[in-house]
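Let's take a walk through this model together. Keep the viewer open and follow along, starting with the ground rules.

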Amino acid sequence: MGMARMKSAVMRTPLYPAAHATYRALFNRGAEAQQARMGAFYSQFFQNGDVVFDLGANQGEYAEVFAAEGGRVVAVEPNPAFTMRLQAFAREVDIRPVFAAVGDAPGTASLNVCSEPGFSTLVDP
């Protein structure tokens, strides 16, 4: 089984949060400190239990921090590449993923998907 298929399979199970935490502990030790710094900064802008919007949530790094600080997070992300990860987070923390785009007017748009999903955009090339 390839790494991408294995990751995808784990994300669909209740094992994902433990696997994610283990990965961080073994291979990304600075992540906890970075998350704590982000939490200390962003928590000054909302109270425990407030609804917090993460527009353009990508993989949900900020949504995860907002939820850890007590926010009820609405994570808006139009790119289907991040669906599984956001859904996996939503099973464990107070994150509600919304798979749509946000704009200044109602309507539809085409997502220009990049080979690096985090750089995909609704802006015309």
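Helices (H or I, at least four residues) and strands (E, at least two) are simply DSSP runs, numbered from the N terminus. This is a predicted model, so local features need pLDDT of at least 70 and side-chain atom pairs count only at pLDDT 80 or more, while totals for chains, interfaces and linings use all residues. Residues are numbered from 1 along each chain as its sequence is written, and side-chain values use heavy atoms, with hydrogens and water left out.

Let's begin with the sheet. Three strands make up an open sheet, ordered β1-β2-β3, and the pairing is parallel. The edge positions go to β1 and β3, each with a single partner strand, so one side of each has no neighbour in the sheet. From one strand to the next, the twist averages 20°. As a reminder, strands of a sheet pair through backbone hydrogen bonds, either parallel or antiparallel. Here, two strands are called paired if DSSP finds at least two bridges between them. By that rule β1 and β2 are joined in the parallel sense by five bridges, and β2 and β3, also parallel, by four. A75 is a handy residue to click on: its bridge partner on the β1 side is D54, and it also stands opposite P97 in β3.

Now for solvent exposure. Buried means under 20% relative accessible area, exposed means over 50%, and partly exposed is whatever falls in between (1.4 Å probe, protein chains only). Four of the five residues of β2 are buried, so this strand is largely enclosed by the rest of the structure. Strand β1 has an alternating pattern: V52 and D54 point to one face and are buried, whereas V51, F53 and L55 point to the other face and are not. Those three residues turn up again, together with V102, in a nonpolar surface patch with about 400 Å² of accessible area in total. Accessible areas come from the Shrake-Rupley method with a 1.4 Å probe, and for residues only the protein chains shown count as cover. Patches are built from residues with over 30% relative accessible area and no salt bridge, joining like charges within 9 Å and nonpolar side chains (Val, Leu, Ile, Met, Phe, Trp, Tyr) within 5 Å. A salt bridge, in turn, is a side-chain nitrogen of Lys or Arg within 4 Å of a carboxyl oxygen of Asp or Glu.

Next come the helices that lie over the strands. Helix α4 lies across β1, β2 and β3 and runs at about 170° to β1, while α5 lies across β2 and β3, at about 155° to β3. For these angles, axes are lines fitted to C-alpha atoms, for helices over the stretch in contact, and the values run from 0 to 180 degrees between N-to-C directions. Contact itself means heavy atoms within 4.5 Å.

What does α4 bury, and against what? Its span is residues 61-68, and the buried ones are A63, E64, V65, F66 and A67. They pack against α2 (16-27), α3 (30-42), β1 (51-55), β2 (72-76), α5 (83-90) and β3 (95-98). Just past the end of α4, G70 takes a positive phi of about 100°. A positive phi also shows up at N58, near 50°, and this residue is not a glycine. N58 sits in the loop between β1 and α4 and is partly exposed, at 27% relative accessible area.

Over in helix α3, have a look at Q35. Q35 is buried at 13% relative accessible area, and it touches R24, E64, V65 and A68, leaving aside residues up to four places away in sequence. A36 belongs to α3 as well, but counts as partly exposed at 48% relative accessibility. A36 and V65 are 29 residues apart in sequence, with 8.1 Å between their C-alpha atoms.

Two more stops remain. F45, in the loop between α3 and β1, counts as exposed at 57% relative accessibility. From F45 to R72 it is 27 residues in sequence and 13 Å in space, C-alpha to C-alpha. Finally, A9 lies in helix α1 (residues 3-11) and is partly exposed, with a relative accessible area of 34%. The C-alpha atoms of A9 and M84 are separated by 9.7 Å, although the two are 75 residues apart along the chain.
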